Amino acid sequence: MSGIRNLIGLVYEGVKDNRLLWLLIIGFALFPIITHFADLPFWNDVAMRIMLLGMAAMGLNLVLGYGGMVSFGHAAFIGIGAYCAGISQFYGITNGWVHLGFSIITCGFAGLVIGYLALRTSGIYFIMITLAFAQMLFFLFVSLEAFGGDDGMSIDRAEFGFIDLYDPLRLYFLIWIALVVVGMGLMFIVRSRFGVTLRAIKSNASRVEAMGLSPLRFKIVGYVISAVVCGIAGTLFASWQEYVSPDIMHWTRSGELMIIIILGGLGTLAGPLLGAIVFLLLEECLPLLLGAAAPAYAENWMILFGPFLIMVVMFGRGGLIGLLSQLQVRRNARSDHRGP
Amino acid sequence: MLELHEIETGYGTGQVLFGVSLTVPPGACVSLMGRNGMGKTTTVRAIMGQLPLSAGWISRFGDNHGQRPSFEIARAGIGLVPEGRQIFSNLTVRENLKTFYRLPAGQTGESWNLDRVLALFPRLAERLEHAGSHLSGGEQQMLAIGRALMTNPKLLILDEATEGLAPIIRHQIWECLNLLKQDGQSILIIDKNVDAIAKLADHHYILDKGKVVWQGDSISLMRTPDLKSRYLGV
Amino acid sequence: MKKAFTIAALAAAITLAPAHAETVKIGYMTTLSGGAGIIGKQMQNAVELALEHKGGKLGGMDADVVFVDDQRKPDVAKQLANRLVKSDRVDVVAGIIWSNLLEAVHKPVTRSDILLISSNAGPSTVAGEGCHKNFFSMSWQNDQTPEAMGKHMQDAGIKSVYLMAPNYQAGKDMLSGFKRYYKGNVKAEVYTKLGQSDFQPELSALRATAPEATMVFQPGGMGINFVKQWKQAGMDGVSKLYQVFTVDGVSLPALKESALGILGTQTWSPDLNNAINNKFVADYKAKFGGYPSFYAAQAYDTILAIDHAIAKSGSKDTDKMRAVLAAGNIPTTRGLLKMNSNHFPIQNIYLRETVKDADGIVTTRVTETVFTDHADSYAAKCKF
Amino acid sequence: MDKSVLELRNLCKSFGALTVTNDLSFTVEPGEIHALIGPNGAGKTTLIQQIYGAVQPDSGQVFLNGREITGLGVPERVQAGIGRSFQISNVLMDFTVLENAIVAEQARLGQSFRFLRPAFSDKSLKAGASKILSRVGLEDRAMQPASDLAHGERRMLELALALATAPKVLLLDEPMAGAGLEESQRMTEIIDQLRGQVAILLIEHDMDAVFRLADRITVLVEGAIIATGTADDISNSSAVQAAYLGSA
Amino acid sequence: MTLTLILEQTFNGLQAGVTLFLVAAGLTLILGIMDVVFLAHGAQVMIGAYAAAAVAAATGNFYIGLFLAIPVTFASGYVLEFLLIRHLYRRDHMEQVLATFGLILFFNELIRIGFGPAALYSDLPRSLSGFVEILPGAPYPIYRLWVILVGLACAIGIHIFVSRTRIGAMVRAGANNPEMTAALGINIKILFRFIFAVGACFAGVAGMMLGPITAVQPGMGEPLLILSLVVIIIGGVGSVRGAFIAAIIVGLIDTLGRVFLPAMLRSVVDQATADGAGPAVASMLVYITMAVVLIFRPTGLFPAKG
């Protein structure tokens, strides 16, 4: 009894400390109401994609932002997760829980193997070896004819017992619940002793070693957890898309995830989700905006998008979260000034 | 030549120098002494423009005391023989020398070139095509001095000129420095060998915990035996 | 400019037509940005040309076409398809170049009881077991074109052939289609890396095998590279080159003279002699400069098909339009197009040769009809 | 007879042609402060690295409390009882002082693989961490980010973190380096207070501090020991004088 | 599998290798000396190819195209370093990846707007089309031989430049110890900018030479970029010699693996499995090689001396 009360206390405490994250997540819960009354059902779809990529980015952020490991191949785990759903269906297993379990086990194992091999290197070598593994998996799935190869495989949405995913809002809320679970889990992990140690390793691995801990073991565990989170996102992505193809693990998607994290705020809980919102809305709106301003160049929207990314690096240190906290500081300073 | 006025600097939040002043007149040989960690190398780094000053100023050859990038300071006429030699291990002896050859900025005497450096250090001539990493400590020290001379400096700075060298090599180095001094070369030298330095240099500064605690000429240095045990030796 | 035209035409239609005039809304999805943007651009041009030819109306209704750019990404395509269906509430979704993108949008669109008309992609999955009554192809099933190539080479008595295609689904479909009709000696079946740009190693290996003929499928930029390198390696003296979807309206401007004389099969060619095609090609050349590609022709046909469906049924109701289209006899640049039971066209397939036209521009010319009224081989598996 | 806390037997290490440790043997006895001095490049830091496990010797053995630890990696040696500070301050710069200590405390407790409870708000960890900080007098700086600390304070923090692992022998690599006069004095006092609690191997150039602190001094030149003895023995040794001040 | 064929394929591998080397040579210096993960190096390949093709089309002379494209790529590298890259030196790898990824998008789009989305027509000069018999019965395209020769010439040129010239010595000194180099009077900033521009230039040369044999189109440099990163990693970051050896290894492995692996597999497993797995493994071969090298030598085959 007291254990549960204790847990609730911990959750309350965590949520209180991470208001922005949970505000965003609650926002996603309320979003369908807006789309319902504004009669914009399509935007639910956009929101689902944002939640899914945001979830994957949150997973990657554990290694990238908290662990300081620049993995350039995390799209592979999204892909493995998606193919876990696809391949299960191919063999007639339609139960979504089974897909998720399969995905967690496979991604955990893949994360362990890749992490173990890749973490022997560091710096640019680590970036490249993670990319190499992702490329291998990409080409592997491209040539797996049984599962559609490059054309991918069309699949049905998974069955989650009583939840009929063809009711659009059911899928929406299944993804939302996954987001809550992942958000909650990562919130606990980064604040836990493990998470604190992981951050300490990023800050100064030799000091952590001098405390008698082996940085490698923590890094590998972190890598595995983040792989599993990306896998879960991938499995749900497959259900959302009703389709799986190697495109989901193209190297540019790994880059996209990194962009989302840096845009939102590296090493923060809310950052990746915020980054996903802004990044995908931008992808959605930039062509429209450019189309309105210079119709002949609507399809050349990347000419703005590229420099935008450069600007984020040059001027947006700490990403959007950093920007927000700067504003906060400034506002506080101003209100202090006005004070009696 | 060189004037340091009340300079303060350090690394990050750790301040190392607390108001160091020092002057090297033209043609003079000045020494800077003190135990390890007292701020000698930090002073050199400040002179070379590798550390920003938090207070005070440095005037090099009468310039306007401003902060300048390292390469401009070198070109203005300061030749550095750094602590630990810092030989380019992936360059041959010849390259270590020739790459940095520069015509003298203001003519003071005969200018330095490869032949003259090799004449000064015949050992280097034998090892001309060897990689810097294959030299012994003494040869590296000779190379570091030769490399600095190739820039035809008005002022030569030697940081730990003889540290970690065999006695016979030390002896050679001191001899060569004497030659340079007779040639009219201005020198700022850092070393722990008090006896040798007292013979070479005209004026001495002793640093302790980031401050100049003593200065004077060789005679007073030798006459104050207390200095050695307090600030220099064991 | 072209958009301005549509808007102007619409404006004109609105002022002239009585207030009760219905509007048919079409979502046209293609790849406009990125490396494949050139194909999408041609298709967009053709769609706009078709609207112009129809006076901005399809089947008497005001036409409103929404172009969307799928960026050649399945997840973007799927999301856009949902937007077209749910937000823009289009009556028909059309376009789509790539098989994998078609797979991604197939379910969400057909499930919404809206017609999905492909202007290009036609993988075997949607032709066979995965077919849907709301899906129509205005192009071809992947296997059909290489089947014609196989038949032609079989008939021409070619004894040995070397096959080459990229290592992905369409590549495998193409080669298996070819082998269905070619019964001679297949010396080797080589699958290259998707997106490969240098074929010299494969050409060296081919030279060592010395087959009588070579049949390749290398679409897009790969085709340009392949043909260039084929010529540069002097392979013409070693083997005779046949191709499908490798030398076409998109790659010819980059290949120019180096593609002369190469044979290929295709369901369409700029010189097909019928009133619709002559007008289409002439006006396209006049308006956009240069020959249209088969992608453009199929995009043009897609709009003609929608026009035909609305005009004949008098409605934009999905069931009624479907019935009209399923009945076939759709007037297109390929003549009156018949429809198979799986909603893929039954059509002629021609042998085309790359030639120079009167103005010295490199284009293709039909030399022979390989198949008359050719149907694909998956229809039997399709049960609505 | 007490067993030595740390014993090195015939340690050898070379990098290429350069011999940095030449058949070196010596001991650190329980509770003593043993200073290691010598000119730059004598091989002091490389020796520390070999004791610590970051550099493996070419031959020879290292014993801790009579147990051989030669083949072990760094974390294992730390767990066995070797603590150290580094030449350049080595603390968790992104963390506050208290958080630094919390990470050390949970590492000491072997509780770093726990995933549920937030670490930084855990009362028992905080209490343990405060105790760590109080040993070096940094309690009142607990909420400061480590990057805001003055240089000397950062050295104190590093010492505290090294002590947090409850080492049997503490390796201090130039703890006064870069410190001002007052900071050096405070550091000297704190190290002095540790006398008897833990055996210390001290590398230091500040001779005032060395003479004040060291029970025994070992002089290292070119990877070999030239003298070992009390402060008086060493300052009167002519060999040491020559090595330091030159006798050219 | 005759000897002729193996020889011919070795030539093909060599040609792929030297092309890769040209791209990798600059990139390994940028990575090794300036520590910048410069993903937009592929764009320099594209700029080179476009400059050469456009000038050749305008003047009708292939060689003028080649000649003028060199200063164009040099200038583009120089300006790029000045405007953006020098601000990235002190940033971490992740930020460099992001910013230079943005550059890729920008350059590709710029070219698309400037030259249209279609591939540009560019063909061999008449003097370089035709064949030589490298062995009786094995004619080989002159142009490919020319590419190999130019590539090897460039490699020798880079080698001489880096190991024999005074500026090369400065570059090596700068890589070895930038602070000391500056303290001896060398302007490191300008030196770095120069290296960057020269690196861009070599990538441009690769682009120019590829123009006539592959499609000149936006994004043409990206596949080369990824491969040349692989080359650099295998060779050891910062080592030009390592890049050369690794480029040849990667070129040969990729070429020979592609052609011979399916056949070799067929002799081990049954036909169907071999046909399915052969091309798949062949396309992964390069990455497998890199992963294996890194697992056993985490800093590549020839780590640059520190």
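Okay, let me start in chain D, with one pair: D:Leu220 has D:Ile225 as its bridge partner in strand S10(D). Keep in mind that this is a predicted model. The two strands behind that pair are S9(D), residues 216-221, and S10(D), residues 224-229. They run antiparallel, with 5 bridges between them. What sits between S9(D) and S10(D)? Just a turn with 2 residues, so to speak a hairpin, and D:Glu222 in that turn has a positive phi of about 50°.

S9(D) has a partner on another strand too. Strand S3(D), residues 33-37, pairs with S9(D) in the parallel sense, over 4 bridges. If you want a residue to click on there, take D:Ala35, which stands opposite D:Ile217 in S9(D).

Now hop over to chain C, where there's another hairpin. Strand S2(C), residues 57-58, pairs with S3(C) in the antiparallel sense over 2 bridges. One position to look at is C:Lys57, opposite C:Asp62 in S3(C). The hairpin has 2 residues between its strands, and C:Gly59 in the turn has a positive phi of about 60°.

And S3(C) also has a parallel neighbour. That's strand S1(C), residues 23-30, joined to S3(C) by 8 bridges. C:Ile26 has C:Val65 of S3(C) as its bridge partner. Is S3(C) mostly covered or mostly open? Mostly covered: for S3(C), residues 61-69, 8 of the 9 residues are buried.

Right, helices. Start with chain A, and put H2(A), residues 19-38, and H12(A), residues 271-293, on the screen. Their axes come within 9 Å and cross at roughly 45°. That angle makes H2(A) oblique to H12(A). As for the hand, H2(A) passes H12(A) in a left-handed crossing. Who makes the contact? From H2(A) we have A:Leu21, A:Leu24, A:Ile25 and A:Phe28, and from H12(A) there's A:Leu273, A:Leu274 and A:Ile277. By class that gives 7 nonpolar residues, with no polar and no charged ones.

Next, a contact between chains. H10(A), residues 215-241, packs with H3(C), residues 74-87, at an angle of about 45°, and the axes are 10 Å apart. So here again the word is oblique, for H10(A) against H3(C). The crossing of H10(A) past H3(C) is left-handed. On the chain A side you've got A:Phe237, A:Trp240 and A:Gln241, meeting C:Pro74, C:Asp75, C:Lys78 and C:Gln79 in H3(C). Which classes turn up in this contact? There are 3 nonpolar, 2 polar and 2 charged residues.

Last stop, chain E. H2(E), residues 41-59, and H3(E), residues 62-83, pack at about 145°, with axes 8 Å apart. H2(E) passes H3(E) in a right-handed crossing. The residue list is long to read aloud, so I'll just pick some. On H2(E) the residues in contact include E:Ile47, E:Gly48, E:Ala51, E:Ala52 and E:Val55. On H3(E) they include E:Gly65, E:Leu68, E:Ala69, E:Val72 and E:Gly77. Over the whole contact of H2(E) with H3(E), there are 11 nonpolar and 7 polar residues, and no charged ones.

That's my tour, thanks.

Technical notes: Residues are numbered from 1 along each chain as its sequence is written. Chains are lettered from A and ligands numbered from 1 in the order in which they are written. This is a predicted model: local features need pLDDT of at least 70, side-chain atom pairs count only at pLDDT 80 or more; totals for chains, interfaces and linings use all residues. Side-chain values use heavy atoms; hydrogens and water are left out. Buried means under 20% relative accessible area, exposed over 50%, partly exposed in between (1.4 Å probe, protein chains only). Two strands pair if DSSP finds at least two bridges between them. Axes are lines fitted to C-alpha atoms, for helices over the stretch in contact, and angles run from 0 to 180 degrees between N-to-C directions. Angles under 35 degrees count as roughly parallel, over 145 as roughly antiparallel, 65 to 115 as roughly perpendicular and the rest as oblique. A crossing is left-handed if the near helix is turned anticlockwise from the far one by less than a right angle, and right-handed if clockwise. Contact means heavy atoms within 4.5 Å. Ala, Val, Leu, Ile, Met, Phe, Trp, Tyr, Cys and Pro count as nonpolar, Asp, Glu, Lys and Arg as charged, and the others, Gly among them, as polar.
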